[in-house]
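Student: I should like to study one part of this protein closely, namely its aromatic rings and what lies around them. Please guide me through that part in one connected account.

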Amino acid sequence: AHYPGTKTVPNAILTGKKLWSSEDYSTFNNDVGAGCWARILNQNYVNGNMTSTIAWNLVASYYEELPFGRCGLMTAQEPWSGHYKVESPIWITAHTTQFTQPGWSYLQVDGHLEGGGSFVALTDGLGNLTIIIETMSHNHSKCIRPPLPNFNVVPQRATFYLRGSFYMVETLQVWHSRLDFESGSSSLFQQLDPLQVWRGRFSLDLNVDEVYTLTTLKTGRKCGYPEPPPPQPFPSIYNDDFNIRNPPFSEAPNFADQTGVFEYFVNASDPGDHVFTLRQVVVQRPITWVSDADQTISVIGNFKWVNMTVTCDIYIEKPGDGGVFIAGRVDNGGIYVRNSKGVFFWVFADGTYRVTGDLAGKQILMKGLAGVRDNAWHTLTLNIQGNSASGLLNGYPLWENVTVSKPGNGWAALGTRSFEFAQFDNFHIE
């Protein structure tokens, strides 16, 4: 199930199979997101018998203004600067993952704490024991979905009794996190003094919004990591000629494909100017889980940009009704891409052009003849300044003084009229 809210339907339990929350979390990675993650990592098992919880997503490496910005356990969304941030959900994860492994088993205990919160206990079957406790309060552990029913958590003293082979355990290592929502000075994944166990019994004073790991393992560590470079806005002048002979991966850096797929391409038959290009390669509408756009689009740049000049060489491969665009001030993507607004400069294989205020092409601001044809290279330039936009074809003015009211800012973009082959080269933003 996706986002089960820690509950499982009875029929799933009756299968006798292992149950996983196959997509969960999806929550902004601040301390409330860390609280959500701490609560469901425990309670998916305590309430729903789920032995694995998969977070969507692992690392937020996409423009933050896209849908579900920063819904990753950590953030690395500036490849141009190298800046990244290890957010609090990473250390909440460590409370479980550093002291268990795939193959460990949950012990069947009632994991509800009397004062609210939960605990789970796991063993490797070889004598090791790990107990994870969370006392997340309602308002500090809301996930993006589903809605969270009200509950109360209070400070409490919890006493644990170890039985069977664990009766002989004398010492437990202690790791602790406290999410401080008042001062903002949270304490994350700190090792405390070991806890002494007396005849299988120990007690712990638990406050609200805390996570404890108690374990026989001595392998935990809070790893250091290099100080990341400082954050930087996307460069205000940016070029890409796509001249990569053997690319380490298929997509060009910093472009974020929202519909369609734009990949490095080698034109073996080109005389030289456009041997290496960027090509849109999806030619059939995929099966989608949201109302995807009918056009393909890849966005790039700084969402806060207002005035910009975008230049790109374009090559329409589809005769008849093929077409491509370059755009500026594009305001959306992801699950909302179908409704993206901006300034879109289109040229078509039938020799016409259009300027539209939307990706769908319904809000027509200007249209006319351009003389563009398929299977030939042309250069498009889109200039947006204040409330006015103009366009050049092959360096010559094609249209000008088109009034642009909104959106007032957004990314640059390129794309195609349909799911069709088309190529782009010598991309430039200023």
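Tutor: A residue is called buried when its relative accessible area is under 20%, exposed when it is over 50%, and partly exposed in between (1.4 Å probe, protein chains only). By that rule Phe242 is buried, with a relative accessible area of 1%, and Phe255 is also buried, at 10%. The model is predicted, with local features requiring pLDDT of at least 70 and side-chain atom pairs 80 or more, while totals for chains, interfaces and linings use all residues. Residues are numbered from 1 along each chain as its sequence is written, and side-chain values use heavy atoms, without hydrogens and water.

Let us begin with the rings as a group. Across the whole structure, a search finds 25 aromatic pairs (ring centres of Phe, Tyr or the six-membered ring of Trp within 6.5 Å; planes under 30 degrees apart are stacked, over 60 edge-to-face, the rest tilted). In one of these pairs, Phe234 and Tyr238, the planes meet at 55° and the centres are 5.0 Å apart, so the pair is tilted. Phe234 and Tyr238 are both buried.

The two phenylalanines introduced above, Phe242 and Phe255, form a tilted pair as well, with 6.0 Å from centre to centre and 45° between the planes. Phe242 and Phe255 both lie in the loop between strand 14 (238-240) and strand 15 (256-259), so their pair ties together parts that are 13 residues apart in sequence. Helices (H or I, at least four residues) and strands (E, at least two) are DSSP runs numbered from the N terminus.

Phe234 and Tyr238 also belong to a wider arrangement. Ring pairs link them with Tyr63, Trp80, Phe303, Trp305 and Trp411 into a cluster. Trp411 is the residue at which strand 27 (411-416) begins, and the loop between strand 26 (396-403) and strand 27 contains Pro407. A cis peptide bond joins Lys406 to Pro407, with omega about 0°.

Rings can also meet charged groups. A charge sits over a ring if NZ of Lys or CZ of Arg is within 6 Å of the ring centre and within 35 degrees of the ring normal. The charged end of Arg417 sits over the ring of Phe348 in this way, 4.3 Å from its centre. Likewise, the charged end of Arg145 sits over the ring of Tyr3, at 4.6 Å from the ring centre. Arg145 has a further feature: a cis peptide bond, with omega about -10°, joins it to Pro146. Pro146 is found in the loop between strand 8 (129-134) and strand 9 (156-161).

Two other loop residues show a backbone feature worth noting. Arg70, although not a glycine, has a positive phi of about 55°. It lies in the loop between strand 3 (59-60) and strand 4 (74-78) and counts as buried at 18% relative accessibility. Asn49 has a positive phi too, near 60°, and is likewise a residue other than glycine. Asn49 is located in the loop between helix 2 (31-46) and strand 2 (50-56); at 36% relative accessibility, Asn49 is partly exposed.

Finally, these details may be placed in the whole chain. The protein chain has three helices and 28 strands. Of its 430 residues, 50% are buried. Along the principal axes, the C-alpha atoms fill a box of roughly 90 × 45 × 40 Å.
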